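User: Please give a close account of a single part of this model, working from the side-chain contacts outward. I would like the reasoning behind each description to be set out.

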Amino acid sequence: MANARGSKETTAHSGSKRRLKLWFAFIALFMAWAIYTWVVQMEDNARTALRLAGVQQKLAEGEKESARLQQQIDRLGDPEYIRELARKEQDMIVPGEKPIHVTEKAE
């Protein structure tokens, strides 16, 4: 009797060991897949963060340019500014003014 009982216990014990090994293999595979997925997502997140920083920089530059152009539009609505531009860029003068031209002396 002792022999029959002993062989049954070793068979049951070896079956539970085999199931435990399979369970650990499944858990190890699952953990490897989870770690791989996490690493891939972290790399993708880093690439996306770099693209976001580039787009934000372009947006800031665009807003700066827009503010500069809006300031130029506001200035062009002022008659005094228009007069100054006409004098500097087009060499126009107000009636009654005498133009002064500076010439370089040749040596």
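Analyst:
**Charged pairs along the helices**

Arg 68 is joined to Glu 65 by a salt bridge in which the closest N and O atoms are 2.5 Å apart. The model is predicted, and the distances given here are therefore to be read as computed values of that model. The partners are 3 residues apart in helix 1, and so about one helical turn separates Arg 68 from Glu 65. The general geometry of a helix bears on this spacing: an α-helix has 3.6 residues a turn, so residues three or four places apart point the same way.

How accessible are the two partners, Arg 68 and Glu 65? Arg 68 has a relative accessibility of 44% and therefore counts as partly exposed. Glu 65 has a relative accessible area of 36%, so this residue is partly exposed as well. The class rests on two cut-offs, because buried means under 20% and exposed means over 50%.

In total, the structure holds 4 salt bridges. Another of them links Arg 83 with Glu 80, with 2.8 Å between the closest N and O atoms. Here the setting is helix 2, where Arg 83 and Glu 80 are 3 residues apart and therefore about one helical turn from each other. Arg 83 is partly exposed because its relative accessibility is 42%; Glu 80, at 41%, is also partly exposed.

Helix 2 carries a further salt bridge, between Arg 87 and Glu 84, whose closest N and O atoms are 3.8 Å apart. The two residues again lie 3 residues apart in helix 2, about one turn of the helix. With a relative accessibility of 32%, Arg 87 counts as partly exposed. Glu 84 has a relative accessible area of 30% and is therefore partly exposed too.

The helix that holds these pairs can be checked for its length. Helix 2 runs over residues 79-90, which makes 12 residues, and at 1.5 Å a residue these should span 16 Å. The expected span is 1.5 Å times one less than the number of residues, which is why the value is 16 Å. The end C-alpha atoms of helix 2 are 15 Å apart, in agreement with that expectation.

Just beyond helix 2, Asp 91 takes a positive phi of about 55 degrees. Val 94 is found in the segment after helix 2, and its C-alpha atom is separated by 8.8 Å from that of Arg 83, a residue 11 places away along the chain. Since its relative accessibility is 31%, Val 94 counts as partly exposed.

Helix 1, residues 2-76, also includes Met 31, which is partly exposed because its relative accessibility is 43%. Met 31 contributes to a nonpolar surface patch of about 880 Å², together with Leu 20, Trp 23, Phe 24, Phe 26, Ile 27, Phe 30 and Trp 33. A search of the whole structure finds 2 aromatic pairs. One of these is formed by Phe 30 and Trp 33, which are tilted, with 5.6 Å from centre to centre and 40 degrees between the planes. Phe 30 and Trp 33 repeat the spacing of 3 residues, about one turn, within helix 1. Phe 30 is partly exposed because its relative accessible area is 42%, whereas Trp 33, at 51%, is exposed.

The chain as a whole supplies the context for these pairs. It has 2 helices and 0 strands, and 2% of its 107 residues count as buried. About 10,600 Å² of the chain is exposed, of which carbon and sulfur atoms supply 61%.

Methods:
Residues numbered from 1 in each chain as written. Predicted model: local features only at pLDDT ≥ 70, side-chain atom pairs only at ≥ 80, totals over all residues. Heavy atoms only, no water. Patch = residues over 30% accessible without salt bridge, like charges linked within 9 Å, V, L, I, M, F, W, Y side chains within 5 Å. Areas by Shrake-Rupley, 256 points an atom, 1.4 Å probe, with all protein chains shown as cover. Salt bridge = Lys/Arg side-chain N within 4 Å of Asp/Glu carboxyl O. Helix = DSSP H or I, 4+ residues; strand = E, 2+ residues; numbered from the N terminus. Buried < 20%, exposed > 50% of the residue type's maximum accessible area, 1.4 Å probe, protein only. Phe/Tyr/Trp six-rings, centres within 6.5 Å; stacked < 30°, edge-to-face > 60°.
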